[in-house]
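Please work through the following exercises with the sequence and the model open beside you. Each one sets a task and then solves it step by step.

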Amino acid sequence: MKEKYLNFIRGVSINKTGKTGVVLATSSFVAMLFLELLRVMGVLTNAYIGLITYLLLPTLFVIGLIFIPIGWIKYKKFTGKTTRELLERQFTDDELQKSNMGSKLIRTVLIFTLLNVLFLAIASMRMLNFMDKPVFCGTACHSVMGPEWATYQVSPHSRVACVECHVGEGVGALIDSKLNGTWQMISVTLDLFERPIPTPVHQLRPARETCEKCHWPEKFYGSRLKSIVHYDKDENSTPRFTTLVLKIDSGEDVGKSGIHWHIDQANSVRYSSIDDKRQEMLWVEVKQEDGTFKKFTNRKLVDNEAEDDNTRIMDCVDCHNRVTHIYEDPHDAVDQRIRKGLLDRSLPYIKREAFGALISSFTTTDKAKEIIHNRINGFYREKYPDLLGVKSESLDKAISTLQDVYATNVHYNMNVDWGAYPSYLGHKAESGCFRCHNNNLIDENNIPIKSDCTLCHSILANGSAEPFSYLKQATNAARDSVMHEYLRAEFLEFFAE
Ligand code: HEC
Ligand code: HEC
Ligand code: HEC
Ligand code: HEC
Ligand code: HEC
């Protein structure tokens with residue numbers, strides 16, 4: 001039995017080309033089995049090895065298989081003999097003997113072909129499966145996806161696979177993504193991609209097919225209390241509280257509409273922006289109950305036209321553009337680490353110094369680590385030498401924390417510096433919600449889209465000394481007592497309704 005297959009292999013290894021084919025096909029087959037075994041055993045998890053196992057080796061295998069008939073054709077040409085004569089030369093009569101199930105040789109060929117097809121089918125299934133894994137998407141072309149991989153791992157979606165948002169379900173989505181992926185591989189190999197990767201991402205599937213699989217809009221959102229602490233840049237890094245009650249209802253169940261009103265099934269908001277950045281709106285339209293659209297036009301941009309047809313129906317990503325790849329603002333990043341206790345507030349001027357260290361350079365992570373270390377150590381050594389001994393642990397912790405913050409947010413090789421990917425969730429720098437909620441977008445009666453400060457959130461503190469300042473009675477002496485009373489009443493009314 002074994003003899004038969006060995007004979008066959010000897011038979012097709014006719015010349016150099018044929019032999020190369022046999023060696024290539026056999027060795028890549030064995031190598032793939034071996035690597036796959038190691039992967040199943042959990043020894044290898046690296047994305048590059050995955051690429052070798054599922055892409056390189058099967059490709060070599062196929063090339064090997066193609067070499068074998070080429071070798072045969074070449075041999076035929078070279079000897080000038082007929083196929084029959086050559087077969088007789090390479091194989092025994094016994095193997096060529098015809099029976100009613102074909103000759104033994106044909107059966108051997110069939111068995112090998114079946115094995116090959118089976119092997120390739122399994123390899124491609126494994127490949128598709130493997131390519132859907134975040135570790136592949138995130139690390140196979142390491143430097144390119146570095147920023148997204150780093151931010152993804154510390155995000156609320158770190159257990160959600162990249163493909164759940166980027167590919168979605170269905171055959172169409174799969175084909176789209178593979179075509180797109182092939183192009184990406186070419187552009188990475190030839191270094192044709194932009195740094196940083198430009199946003200918005202146009203190939204993203206509609207949110208209905210992705211986000212809404214897990215977060216359905218009919219869900220009752222309620223409201224969300226969010227308390228934010230900022231720290232002053234003084235010696236004590238004094239805390240300042242901002243407390244918002246975000247009105248995140250979609251409105252359907254409660255009869256009052258809030259932030260998720262835009263994506264409620266019954267509503268539709270569409271807009272056109274000046275370019276494909278979705279930053280400067282030309283007009284915004286809202287579907288009315290009778291199915292017509294009410295239009296708000298930007299009075300500052302009436303003479304402009306959109307570069308292309310950029311009309312877009314608003315969905316989750318128009319606000320949650322940084323839902324997973326969350327790049328921090330350096331101020332907020334420091335504030336959050338102080339709050340978590342990773343930066344010790346008893347270190348004098350820690351807010352100011354930490355912030356300064358983070359933004360002091362745009363360079364490789366290794367260099368930046370050194371700069372952060374030297375800067376923090378240098379400052380305390382010079383100004384507070386007595387602290388070095390007592391607080392050495394806090395200082396080390398502060399340094400390593402800041403180094404981590406830098407490594408997650410700043411990616412020199414991809415040109416991702418602080419602020420490269422702003423979030424639309426709030427209204428920092430008049431962006432985010434204020435792209436539409438501003439006084440320039442007006443309807444035919446000159447009435448703008450609403451933007452009063454309590455439309456989206458009640459405000460219970462705003463840079464105040466206490467987290468719930470405005471819930472207390474205002475004292476007449478306070479400078480902002482009128483505003484204070486207004487905010488208090490607004491919140492109580494909102495809740496009581
Ligand atoms: C919860 C959904 C979600 C998951 C999971 C997710 N992404 Fe994204 N990703 C997005 C959204 C939304 C954008 C679009 C940002 C925009 O258009 O402004 C995006 C943008 C990107 C971009 C463009 C650059 C950027 O930072 O905006 C890349 C590259 C990317 N994702 C790669 C990945 C990789 C790799 C993974 C897995 C390791 C992943 N994504 C997982 C939602 C997701
Ligand atoms: C496969 C399921 C899945 C998909 C798809 C998904 N999410 Fe999530 N999302 C989650 C889970 C799980 C959490 C974490 C919940 C928690 O922390 O309690 C989450 C959390 C969130 C949060 C709250 C984050 C926070 O700060 O607490 C937002 C906002 C969100 N998702 C929006 C989106 C958007 C927008 C999309 C589409 C681009 C999306 N999600 C796609 C499962 C998913
Ligand atoms: C108009 C902007 C906007 C749109 C559109 C939008 N969201 Fe939100 N969403 C917000 C804001 C603002 C918050 C509150 C943010 C916070 O808590 O920091 C929020 C909060 C959430 C939360 C957390 C809710 C909780 O209970 O804590 C989830 C989950 C979420 N959104 C999912 C979605 C999904 C899914 C979509 C699309 C179907 C969507 N959002 C569309 C603005 C929006
Ligand atoms: C693409 C434009 C656009 C963006 C971006 C946008 N909105 Fe809106 N929003 C609208 C329009 C249009 C209305 C309806 C205004 C009207 O009828 O006066 C609206 C209405 C609202 C309402 C009131 C719903 C009601 O009728 O009671 C809230 C709350 C709201 N938006 C919150 C937000 C928040 C929070 C953000 C940012 C996270 C945001 N919006 C971003 C266009 C937008
Ligand atoms: C269209 C909706 C909308 C309007 C109008 C609006 N806000 Fe906001 N605001 C938000 C959202 C959303 C956030 C972000 C919450 C978060 O961090 O998730 C926010 C955040 C804030 C913050 C916290 C910023 C921080 O990080 O410390 C303050 C303060 C604030 N808003 C004040 C105001 C004031 C004052 C006005 C009136 C001029 C106003 N807002 C109008 C939606 C709105």
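**Exercise 1. Describe the shell around ligand 2: which residues come nearest, and which elements and domains supply the shell?**

Step 1. Ligand 2 has 15 residues around it, and Pro-156, Cys-211, Cys-214, Cys-316 and His-320 come nearest; a residue is near a molecule if its C-beta atom, placed from the backbone, lies within 6 Å of it. This is a predicted model, in which local features need pLDDT of at least 70 and side-chain atom pairs count only at pLDDT 80 or more, whereas totals for chains, interfaces and linings use all residues. Residues are numbered from 1 along each chain as its sequence is written, while chains are lettered from A and ligands numbered from 1 in the order in which they are written.

Step 2. At least two shell residues come from each of α9 (162–166) and α11, and the largest share, 3 residues, belongs to α11. Helices (H or I, at least four residues) and strands (E, at least two) are DSSP runs, numbered from the N terminus.

Step 3. At the level of domains, whose bounds come from an automatic or database domain assignment, domain 2 (152–198) and domain 3 (224–323 + 424–496) each give at least three residues to the shell around ligand 2.

Step 4. By class, this shell divides into 9 nonpolar, 4 polar and 2 charged residues, where Ala, Val, Leu, Ile, Met, Phe, Trp, Tyr, Cys and Pro count as nonpolar, Asp, Glu, Lys and Arg as charged, and the others, Gly among them, as polar.

**Exercise 2. Describe the shells around ligand 3 and ligand 4 in the same way.**

Step 1. Around ligand 3 there are 21 residues, of which Cys-211, His-215, Ile-263, Cys-316 and Cys-319 come nearest. Both α11 (211–214) and β1 (224–231) supply at least two residues of that shell, and its classes are 12 nonpolar, 4 polar and 5 charged.

Step 2. Ligand 4 is surrounded by 23 residues, the closest being Ser-257, Cys-319, Cys-433, Cys-436 and Cys-456. The elements that contribute two or more residues to this shell are β3 (269–273) and β4 (281–287), and the classes are 14 nonpolar, 5 polar and 4 charged.

Step 3. Reading the lists of closest residues side by side, Cys-211 appears for ligand 2 and for ligand 3, and Cys-319 appears for ligand 3 and for ligand 4.

**Exercise 3. Trace the open sheet that contains β3 and β4: in what order do its strands lie?**

Step 1. The order of the 5 strands is β6-β3-β4-β5-β7, with antiparallel pairing; two strands pair if DSSP finds at least two bridges between them. The edges are β6 (312–313) and β7 (441–442), each of which pairs on one side only.

Step 2. Between β3 and β4 there are 5 bridges in the antiparallel sense; Tyr-271 has Val-284 of β4 as its bridge partner, and Ser-272 stands opposite Trp-283 in β4.

Step 3. β4 also runs antiparallel to β5 (residues 293–298), to which 5 bridges join it, and Trp-283 has Thr-297 of β5 as its bridge partner. These two strands form a hairpin with 5 residues between them, and Gly-291 in the turn has a positive phi of about 95°.

**Exercise 4. Follow the pairing of β2: which strands are joined to it, and through which partners?**

Step 1. β1 and β2 (residues 239–246) pair in the antiparallel sense over 8 bridges, and Lys-226 stands opposite Leu-244 in β2.

Step 2. β2 is also joined by 6 bridges to the antiparallel strand β8 (residues 457–464), where Ile-459 is the bridge partner of Leu-244.

**Exercise 5. Examine Ala-140: is it buried or exposed?**

Step 1. Ala-140 lies in the loop between α7 (134–139) and α8 (142–153).

Step 2. Ala-140 counts as buried because 20 other C-beta atoms lie within 10 Å; the cut-offs are 20 or more such atoms for buried, 12 or fewer for exposed, and partly exposed in between, with C-beta atoms placed from the backbone.

Step 3. Leaving aside residues up to four places away in sequence, Ala-140 touches Ala-47 and Leu-51, contact being C-beta atoms, placed from the backbone, within 7 Å. The C-alpha atoms of Ala-140 and Gly-50 are separated by 8.6 Å, although these residues are 90 apart along the chain.

Terms used:
Contact = placed C-beta atoms within 7 Å.
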